[in-house]
Amino acid sequence: MSLQNPVFIPGPTNMPDAIRQACDMATIDHRSSLFGTLLHPVLNGVARILKSETAEVFIFPSTGTGGWETALTNTLSAGDTVLAARNGMFSHRWIDMCQRHGLQVQIIETPWGEGISAAAYEEALRADKDHRIKAVLATHNETATGVKSDIAAIRAAMNAANHPALLFVDGVSSIGSMEFQMDGWGVDVAVTGSQKGFMLPAGLAITGFSPKAMAAVEAATLPRTFFDIRDMQKGYAANAYPYTPPVGLIRGLKTAIDMLEDEGLDAVFARHTRIATGVRHAVAAWGLELCATSPDVYSDTVSAIRTPEGFDATRIVTHAAEAYGMAFGVGLGDVAGKVFRIGHLGSLTDAMMLSGLGIAEMAMVDLGLDITLGSGVAAAQEFYRKGS
Ligand SMILES: *Cc1c(COP(=O)(O)O)cnc(C)c1O
């Protein structure tokens, strides 16, 4: 693997030099007002990225998975029911976590490649007359299949059913890269990590809790210690953590927020849409299909690309790494061997993307797929040169 080439895995993403440098700092006292001058602007900055005026932000030394656990254990009790669609590996893992915590999961099985059906959620919520469902889970962007779901539609379904459940959204591979509106969509707990849209190394679970989610914390009885947001709240009030915070990562997160805001969130989202659209033009030129079944669910941060029947898609990833030192994502779970993934989120330019598409098609041609060298690159070039 080359350390010069950009990566095209859907996280961890490429790290801008400014962010790497911000993480590299001398030791400071992590229980001091100096730490507070780092921490509080970061908490406020995350709330702005989440588009929330009211969320309380909690950042743990962990990863996105720890963010899932933070959402569940701080608001729910053993035996509670949650509603969740399973349409890929990440929604599957969150469901598995719920079950391991003793929650009842009402699962809406959804074909991998499709988005969450707001209509199916509405039906389930209308049928739940006694309000046993305490939380509705939604994976905004299924990184395994390259499928985004319409969170506003899910909120509308919850309102139409007049159901009081909390709405938990996994935005690990969307927040900071695709439109996300915590307040606008009525999200109660938003979850992300440091190593995707925020362009940092892995190591932070980043969560936002709405006032309604905060109101559920005292009554929740699931065991929690490391992820207890009440301890974190007390810590923050004293410019500290309940334990030792990853100060360098928090400093890097400040730089990441500054970079996203300097570019402008709308411009960041438009850049992701443009780069992703170029990738989709390339995929079409290769004569291949996306795992995502329709344009309304196409993800702007990752494309999962189906390879011809009988061909092991993982070979493309292995060969691209070995022959060209470039990283793509393998298929996960039900689509392992059937798709390979091109991650296109975070710190990325048209020029970087063209290099990724060029290597992807070289790898596919090397492996005997019926693809013309340059075809995908040319299709993306045509799109990028027009600028939108
Ligand atoms: C990456 C990812 C996760 C898991 O995050 P980790 O940081 O690896 O724990 C969860 N959900 C989605 C949608 C992801 O893309």
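**Notebook: the ligand site and selected residues**

I began with Met199, which I found in the loop between strand S8 (189–193) and strand S9 (204–209); here strands (E, at least two residues) and helices (H or I, at least four) are DSSP runs, numbered from the N terminus. Phi of Met199 is near 65 degrees, a positive value in a residue that is not glycine. Met199 counts as buried because its relative accessibility is 4%, where buried means under 20% relative accessible area, exposed over 50% and partly exposed in between (1.4 Å probe, protein chains only).

I note that the model is predicted, so that local features need pLDDT of at least 70 and side-chain atom pairs count only at pLDDT 80 or more, while totals for chains, interfaces and linings use all residues. Residues are numbered from 1 along each chain as its sequence is written, and side-chain values use heavy atoms, with hydrogens and water left out.

**Backbone entries**

I looked up a second positive phi at Asn162, where the value is near 55 degrees, again in a residue other than glycine. Asn162 sits in the loop between H6 and strand S7 (166–170), and Asn162 counts as exposed because its relative accessibility is 64%. For background, most residues other than glycine have a negative phi, and most peptide bonds are trans. The peptide bond from Gly11 to Pro12 is cis, with omega near -5 degrees, and Pro12 belongs to the segment before helix H1 (17–23).

**The ligand site**

I then listed the residues that surround the ligand, each with a heavy atom within 4 Å of it: Thr63, Gly64, Thr65, Trp68, Phe90, Asn141, Thr143, Asp170, Val172, Ser173, Gln195 and Lys196. By type, this shell divides into three nonpolar, seven polar and two charged residues; Ala, Val, Leu, Ile, Met, Phe, Trp, Tyr, Cys and Pro count as nonpolar, Asp, Glu, Lys and Arg as charged, and the others, Gly among them, as polar. Helix H3 (residues 64–75) supplies the largest share of the shell, three residues.

For polar contacts I used pairs of N or O atoms within 3.5 Å; within protein, one must be able to donate a hydrogen and the other to accept it, and residues adjacent in sequence count only if both atoms are side-chain atoms. A polar backbone atom of Gly64 is 2.9 Å from an oxygen atom of the ligand. From the side chains, a polar atom of Gln195 lies 2.7 Å from a ligand oxygen, and one of Lys196 lies 2.6 Å from a ligand oxygen. Of the 380 Å² that the ligand exposes when taken alone, the protein buries 89% (Shrake-Rupley areas, 1.4 Å probe; for residues, only the protein chains shown count as cover).

Ser173, one of the shell residues, is found in the loop between S7 and S8, and Ser173 is buried because its relative accessible area is 3%. The side chains of Ser173 and Thr143 are joined by a polar contact of 2.7 Å. Leaving out residues up to four places away in sequence, I found that Ser173 touches Asn141, Thr143, Met178, Lys196, Thr301 and Leu345, where contact means heavy atoms within 4.5 Å.

**Two further side chains**

Glu69 is in helix H3 and is partly exposed because its relative accessible area is 26%. Not counting residues up to four places away in sequence, Glu69 touches Met97, His101 and Phe227. Glu69 and Gly278 are 209 residues apart along the chain, and their C-alpha atoms are separated by 36 Å.

Arg155 is found in helix H6 (residues 151–160), and I asked myself whether Arg155 is buried or exposed. Arg155 is buried because its relative accessible area is 13%. The side chain of Arg155 makes a polar contact of 3.5 Å with that of Asp188, and Arg155 also touches Leu167, Trp185 and Gly186, with residues up to four places away in sequence not counted.

**Helix H13**

Last, I checked the length of helix H13 (residues 375–386), whose 12 residues should span 16 Å at 1.5 Å a residue, and this agrees because the end C-alpha atoms are 17 Å apart; the expected span is 1.5 Å times one less than the number of residues. The buried residues of H13 are Ser375, Gly376, Val377, Ala379, Ala380, Phe383 and Tyr384, and these pack against helix H10 (265–285) and helix H12 (350–366). Just after H13, Gly387 takes a positive phi of about 85 degrees.
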